[in-house]
Amino acid sequence: MSCTSRTHTPISSAANDLMAIGCMTALQNHGLNIPGDLSIVGFDDIPFATSYARPRLTTIYKPNYEMGAVAAKLLLFVFGHVLAFDIDVNEPTMQEMATP
């Protein structure tokens, strides 16, 4: 009876997409194959990461506006302010932001 072990490619993550792309470039310059030798994951979901980086970077989207809105709502709750309205967690358009 033989047992075959499966090998897994190591994964590295970066704090943001630009750091991940820089890491990927440096590793490729030192002869490593991305994603063959090492997989890299970014964190921002910037268009450059998925459009121009080679190979394309796997990246995680973080909803900055929504996280800020939820944080503000929680702070108001913690300090005892009752909201008479719900904070809309959809990012406003430029036209909505310009309207007084």
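In this predicted model, F48 sits between the two extremes of exposure: its relative accessible area is 39%, so it counts as partly exposed. Y52 is further out in the open, and at 61% relative accessibility it counts as exposed. These two residues form an aromatic pair, and the count of such pairs comes to 1. The ring centres of F48 and Y52 are 5.6 Å apart and the planes meet at 35°, so the pair is tilted. An angle under 30 degrees would have made it stacked, and one over 60 edge-to-face.

Next comes the helix α1. It is made of 13 residues, and the distance from its first C-alpha to its last is 18 Å, close to the 18 Å expected at 1.5 Å a residue. Five of its residues can be picked out by name as buried: D17, A20, I21, M24 and L27. Looking down the axis of α1, these buried residues fall within an arc of 130°, so they line one face of the helix. A bit of helix geometry helps here: with 3.6 residues to each turn of an α-helix, residues three or four places apart point the same way. On the other side of α1, L18 and N29 are exposed. As for what lies over the buried residues of α1, the cover includes the strand β2 (39–44), the helix α2 (47–51) and the strand β3 (58–61).

Both ends of α1 have something to look at. Ahead of the helix, N16 lies in the loop that runs between β1 (11–13) and α1 (17–29). N16 caps the N-terminal end of α1, with a side-chain oxygen placed 3.1 Å from the backbone nitrogen of L18. With a relative accessible area of 23%, N16 is partly exposed, because the buried class takes in values under 20%. Leaving out residues up to four places away in sequence, N16 touches G42, F43 and D44. The C-alpha atoms of N16 and I46 are 9.0 Å apart, although 30 residues separate the two along the chain. After α1 comes G31, which has a positive phi, near 90°.

The buried face of α1 also brings in T59, a residue of strand β3. T59 has a relative accessible area of 19% and is therefore buried, since the cut-off is 20%. Its side chain makes a polar contact of 2.6 Å with the side chain of D17, itself one of the buried residues of α1. A polar atom of the T59 side chain also lies 2.9 Å from the backbone nitrogen of D45. Apart from neighbours within four places in sequence, T59 is in contact with D17, G42, F43, D44, D45 and T50. G42, F43 and D44 turn up among the contacts of N16 too.

That leaves the nonpolar side chains. In soluble globular proteins, such side chains tend to be buried together. Here the largest nonpolar core has 11 residues, namely A14, A20, I21, M24, L27, I34, L38, I40, A49, A53 and L57. The largest share of this core, 4 residues, is supplied by α1. A20 gives a feel for how the pieces meet: beyond its neighbours within four places in sequence, A20 is in contact with A14, I40, V41, G42 and L57. Of these partners, A14, I40 and L57 are listed in the core as well.

Conventions: Residues numbered from 1 in each chain as written. Predicted model: local features only at pLDDT ≥ 70, side-chain atom pairs only at ≥ 80, totals over all residues. Heavy atoms only, no water. Helix = DSSP H or I, 4+ residues; strand = E, 2+ residues; numbered from the N terminus. Buried < 20%, exposed > 50% of the residue type's maximum accessible area, 1.4 Å probe, protein only. Contact = heavy atoms within 4.5 Å. Phe/Tyr/Trp six-rings, centres within 6.5 Å; stacked < 30°, edge-to-face > 60°. Expected span 1.5 Å × (residues − 1). Arc of directions from axis to C-beta. Polar contact = N/O pair within 3.5 Å; in protein donor to acceptor, adjacent residues only side chain to side chain. Core = buried A, V, L, I, M, F, W, Y, C linked by side-chain atoms within 4.5 Å.
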